[in-house]
4 protein chains.
Amino acid sequence: MTVRVAVNGYGTIGKRVADAVAAQQDMVLVGVSKTRPNYEADRAVAKGYKLFIAGEGKKSEFDAAGIATAGTVPEMLQQADVVVDAAPEKIGRENLKLYDAANIRAIFQGGEKAAIAEASFNALGNYPRSKGKRRVRVVSCNTTGLSRAASVLTSRWGVESWEATIVRRAADPAESGRGPINGIMPTFTLPSHHGPDVQTIFPDLSIATTAVVVPTTLMHVHVNHVRLKTAPPGAQAVVEAFRETPRFHVFSAWEHVDGTPQVMEFAKDRARGGSDMMEGVLWENGIRVDGRELYFFQAIHQESIVVPENVDAIRAMFDLAPDARTSIAITDRALGIGH
Amino acid sequence: MTVRVAVNGYGTIGKRVADAVAAQQDMVLVGVSKTRPNYEADRAVAKGYKLFIAGEGKKSEFDAAGIATAGTVPEMLQQADVVVDAAPEKIGRENLKLYDAANIRAIFQGGEKAAIAEASFNALGNYPRSKGKRRVRVVSCNTTGLSRAASVLTSRWGVESWEATIVRRAADPAESGRGPINGIMPTFTLPSHHGPDVQTIFPDLSIATTAVVVPTTLMHVHVNHVRLKTAPPGAQAVVEAFRETPRFHVFSAWEHVDGTPQVMEFAKDRARGGSDMMEGVLWENGIRVDGRELYFFQAIHQESIVVPENVDAIRAMFDLAPDARTSIAITDRALGIGH
Amino acid sequence: MTVRVAVNGYGTIGKRVADAVAAQQDMVLVGVSKTRPNYEADRAVAKGYKLFIAGEGKKSEFDAAGIATAGTVPEMLQQADVVVDAAPEKIGRENLKLYDAANIRAIFQGGEKAAIAEASFNALGNYPRSKGKRRVRVVSCNTTGLSRAASVLTSRWGVESWEATIVRRAADPAESGRGPINGIMPTFTLPSHHGPDVQTIFPDLSIATTAVVVPTTLMHVHVNHVRLKTAPPGAQAVVEAFRETPRFHVFSAWEHVDGTPQVMEFAKDRARGGSDMMEGVLWENGIRVDGRELYFFQAIHQESIVVPENVDAIRAMFDLAPDARTSIAITDRALGIGH
Amino acid sequence: MTVRVAVNGYGTIGKRVADAVAAQQDMVLVGVSKTRPNYEADRAVAKGYKLFIAGEGKKSEFDAAGIATAGTVPEMLQQADVVVDAAPEKIGRENLKLYDAANIRAIFQGGEKAAIAEASFNALGNYPRSKGKRRVRVVSCNTTGLSRAASVLTSRWGVESWEATIVRRAADPAESGRGPINGIMPTFTLPSHHGPDVQTIFPDLSIATTAVVVPTTLMHVHVNHVRLKTAPPGAQAVVEAFRETPRFHVFSAWEHVDGTPQVMEFAKDRARGGSDMMEGVLWENGIRVDGRELYFFQAIHQESIVVPENVDAIRAMFDLAPDARTSIAITDRALGIGH
């Protein structure tokens, strides 16, 4: 079976999901959508994607720019089995009416509330739960990173309690209008919403999170302190556990990857999938075990970490793979995600 | 008694300590020192401070700039009862020989190791311990903020355990050579050195800290999660506890102080002591109590928070005040620190 | 005669103008206005300023915050001879109706178009032109800096042509919502609007300007290349010309003020008027003369450079001083602006 | 003939030149060098490049990291016809002795002084001059951008005079130690060294440049004002001239590429050559013609713009192509540079 996939919204996440879907053998990309012409629309057409007009968009504007269009979003939906909604926050829930009208399955992103869907999704965390579902929500970038790590730790040593401070990048690289330029902005929701969001994947996990926003565009960084139920034999055992799990990349000390700037440089040098880092990033020298106490940093590439998750979510909904590991392996091979 | 104070090193901390000492009635500033002429040296002279030449500095360079000098550091030390060492990190321990030679008491900053002094000092935390001492170390800006908060919490509800993530500004405002410009740099010492440093003030406190460096010059922000021994009646009780303690400033939600940029703007508007914020900064809506669990943010003005502590340390060493509260009140009145 | 002054809008510019007016002996500040309570409103009341409610503001909100108010803007206007409009861009022109209704003189800021007023104003440039006027516009921070410099150069050597690239700070320090965080944004109006704006002060000046926006909050920097009509005897003559003109500060090389971070640190150390730098800032080693060709940098503190100009504009409108130099001297003495 | 090329120094420029050389059919990459193991060394080996140990580097360090090495730099040089020196500034001139000893041809980067080589090189500007030369210097990123533009303008309309302000990014993306974080740093050499450097390519060009450093890592931006000898028919003619010349990319207004963040996003979306932008970047709405006066912005990707120039320089030295256009076409096809 080949699932026909539409991507509604061709921005930071949507353009990456479109590329990822187009790279799968069991899926076909029927089109992408955009409200107005810009350099991203131009790239979509250059890649051979059919471009449909979203929302209030006007064909005349696309025509004036010389960007070929293939119809409107409702027309795109008619050709698809599932739509990946990658519209800006809050627009997703408005789009829901369109998807109901088209009688089409839909995947939402983590900017939408959990209640919008039948299940929240993380491939390592709870793949089977989305089997056969019609509305699935792929959790946000930070929740994805935390959930992946939770799947490693809960299965091996158990988690008694988890504290994470999320140091958030303030804007995506091309969001040039957003600040702050110089300053730290606390998130005054205490604990932050990320903990409960992880619990949509791991309902029994005891986790409390806090957050601050800082002036960088590259990656989020999580500072994790976990009290495990049983003590790992040592830090090296934890390093190995992450290294043998897909979708993690653990840097060694000798690599001199001192922070997020070097992680992004590594991703560029690897030159794969548009310089993205779809793995959660850990550092060997950023993992410390003291009895049952585990400290570790994880860096999250906000623009791309959820991309393979969207692919796996489609596979789960349509039962295209027997289990999570199989789907992950297929996705990662197609996207060149190593581990 | 009037204590004669020399300030060795007239940079970010030293120039502020000099102003603070000059404002006290029980102290007299005998001079400050600098290695080479620059705009800060010019300001020192404009303020009427005697300027002595430090280290490898050359009188001819000062003469060429038209900056009057009053001798060398050894000469300055002969006129003083105590020297506040505000030299860059690691230089302090070299200066120790000079102070030994001059047979003079000395205060070091938190960049030096605890072993350099007979006692580490925080006014609210352990004032009496420095009475009569000859070598005292004022703990660093982050440790000062944590220690002040610890004095509030341990005395009222007791602290079972404390977790803090320290989101550090990467450079002082005028340190234009330091980065990162865009990125987050984890501190790979896990837990970070700040916890043990707080224990030089509160030896029995159970505290674990972690740190990241972010591209801002304004303030550090601490994200604290404390498990208290007894539950406070509610968040408002914690707010009140901080509000009634000197050297804290708690912003209300209606003030719309959303982060460190607005804190610094407030400090400028208050226009006191060179736009500094010598208080630890909390937010009413950034304090959350859930049973014995307490979450709160504290912002730390790295350039000035230790300044009143240096003044109190002198008073403790020379027994100029009967207790911490009295010294703090005298210092704060002279410096215009409200609460 | 004592002129009664109201300041409508108590933000970045308004709060500084209010302080500056309150410091003049021939003026009295009748009040300031604000739409909603925040930390700035709190400071206004702490300083003893009467606070009036602007626009859609609600008394109940101020009451809830415990901020005393003295009425609404129309009531404030009735007590004043002149209002300084310091509202956000575009609001100024709406406020015009209020001022017409109150039959009150008004000063607008440079964010408004020149046509809003009978004259555009710069103290060194064209003080006499605003004598007796009812509507005057103080030109923007960048135009003020260029106009001040033009008054120095046109009067001494004449200007044949002037090229300036304006490297603009992207946001004020407390505007934490604005970006970019990492990037340079060209201003696609070529030449930029600043040249014509300078011509509202110097109608015959041949000047062409260009602009880019960069991720800093501290100061703008102008890169000037002027072809003079006659060659100065050398760079030192130009240095002296700026040094002997009020409202310029020229740093010497030995001061090691390497850029805008050190300029702001100098302003803090000088601790005057809220750490502001109301002078145009030049560098001795940033001035180069080659025959009739003059190159120089000028840094502009966007938050404060127009503040003394507003004071002088009032004096010009009400004929409180015989000429520009007298008014400037009075203003600068009151504000502590040295030169 | 196939030229054997060694790349000495595998950092920001060297790693890109190595990839570019490896992609040419008339060249073979014999190896690259590095002083110590890090993530870049790991990538080099992963790509199949032979890695040689440079300078004070120790084989034991590479061995410990599991990074295979193939010898030392002198050994690498023995296998090559030409070495591209991509060492940090000033190291290049030290390396010269090695190249003399190995009796090998060499290309230096623009960080070295012009006198190090027999010719300075820019493909569009002066390709033939490097024919048969043994020592060639590829000019720096900013000089390359200016020289490419000069080749367009001088050949079509002639240049009477050229003013450029160079707004420089302060650090490369992974140079996390460099600032400033918040501020603008003027370059006090007036005019800056870039003008004379362009004259190593266009000796008769009348050009004066100035520079400031700003807190961004993405790209430099030049603000150009050129007085042409003859007036172009209009701005569109200039747009077309740049569009029909290789190694320029001109964005249209409808693409909404508002600044350097969007240029870099475009480069990522194009996903070619490690997300680089080897073309000089112009904006249709950032080009203005007024008679003989031409204003335009050009953005320069500091990490990659010189990469194709290094390839062409090799081809010129060894006479592998009949002329510049042929070499450029071969290089650009291999690297996927469109225009």
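**View 1. Chain B against chain D.** What share of the interface residues of chain B are also interface residues in chain D? The share is 100%, so these two copies meet through the same surface. Bear in mind that this is a predicted model. Each side chips in evenly on paper, with 13 residues from chain B and 13 residues from chain D in the contact. Putting the two chains together buries about 910 Å², and carbon and sulfur atoms account for 63% of that area. Much of the chain B part comes down to a trio: B:Ser176, B:Ile181 and B:Thr217 supply 54% of what chain B buries against chain D, more than any other three residues. As for polar links, look for two residue pairs in polar contact across this interface, but don't hunt for salt bridges, as the count is zero.

**View 2. The axis between chains B and D.** Two copies of a chain can be related by a rotation about an axis plus a shift along it. Here a turn of 180 degrees, with a shift of 0.0 Å along the axis, lays chain B on chain D with an RMSD of 0.0 Å. Which residue of chain B has its C-alpha nearest the axis? That's B:Gly179, whose C-alpha sits 2.1 Å from the axis.

**View 3. Chain C against chain D.** Now for the other pairing with chain D. This contact takes in 40 residues from chain C and 40 residues from chain D. Between them the two chains bury about 3300 Å², 68% of it on carbon and sulfur atoms. C:Ile184, C:Phe188 and C:Leu190 supply 22% of the area that chain C buries against chain D, more than any other three residues. How many salt bridges are counted between chain C and chain D? Zero, as it turns out, whereas 13 residue pairs are in polar contact across the interface.

**View 4. Which elements of chain C touch chain D.** Seen from the chain C side, several elements each give two or more residues to the contact, among them strand E8 (159-169), helix H10 (260-270) and strand E15 (293-300) of chain C. Strands E9 (185-186), E11 (220-228) and E14 (287-290) of chain C are also on that list, and so is strand E10 (207-214). The largest share of this side, five residues, comes from E10(C).

**View 5. The two-fold axis between chains C and D.** Chain C superposes on chain D after a rotation of 180 degrees with 0.0 Å of shift along the axis, giving an RMSD of 0.0 Å. That's the relation of a two-fold axis. The interface residues tell a matching story: 100% of those in chain C are also interface residues in chain D, so the copies meet through the same surface.

**View 6. Parallel strands in chain D.** Strand E4 (residues 82-85) and strand E5 (residues 105-108) of chain D pair in the parallel sense over three bridges. To find your place, start at D:Val83, whose bridge partner in E5(D) is D:Ala106. Helix H5 (residues 91-102) joins E4(D) and E5(D) in a right-handed β-α-β unit. On to the next pairing: E5(D) and strand E7 (residues 135-138) of chain D are also parallel, over three bridges, with D:Ile107 bridged to D:Val136 in E7(D).

**View 7. A salt bridge between distant parts of chain A.** The structure holds 112 salt bridges over all chains, and this close-up picks out one of them. A:Arg156 and A:Glu244 form a salt bridge, their closest N and O atoms being 3.1 Å apart. The partners are 88 residues apart and link distant parts of the chain, with A:Arg156 in helix H7 (residues 141-156) and A:Glu244 in the loop between helix H9 (235-243) and strand E12 (248-251) of chain A.

**View 8. Unusual backbone spots.** Most residues other than glycine have a negative phi, and most peptide bonds are trans. Where do the exceptions shown here turn up? One involves A:Pro180, in the loop between strand E8 (159-169) and strand E9 (185-186) of chain A; a cis peptide bond joins A:Gly179 to it, with omega about 5 degrees. Another cis bond joins A:Leu190 and A:Pro191, with omega about -15 degrees, and A:Pro191 is in the loop between E9 and helix H8 (194-198) of chain A. Over in chain B, B:His256 has a positive phi of about 55 degrees although it isn't a glycine. B:His256 is in the loop between strand E12 (248-251) and helix H10 (260-270) of chain B.

Methods. Residues numbered from 1 in each chain as written. Chains lettered and ligands numbered in written order. Predicted model: local features only at pLDDT ≥ 70, side-chain atom pairs only at ≥ 80, totals over all residues. Heavy atoms only, no water. Least-squares fit on C-alpha atoms with pLDDT ≥ 70 in both. Contact = heavy atoms within 4.5 Å. Pairing = 2+ DSSP bridges. Helix = DSSP H or I, 4+ residues; strand = E, 2+ residues; numbered from the N terminus. Right-handed = clockwise from strand over helix to strand, strands pointing away. Buried area = accessible area lost by both parts, 1.4 Å probe. Salt bridge = Lys/Arg side-chain N within 4 Å of Asp/Glu carboxyl O. Polar contact = N/O pair within 3.5 Å; in protein donor to acceptor, adjacent residues only side chain to side chain.
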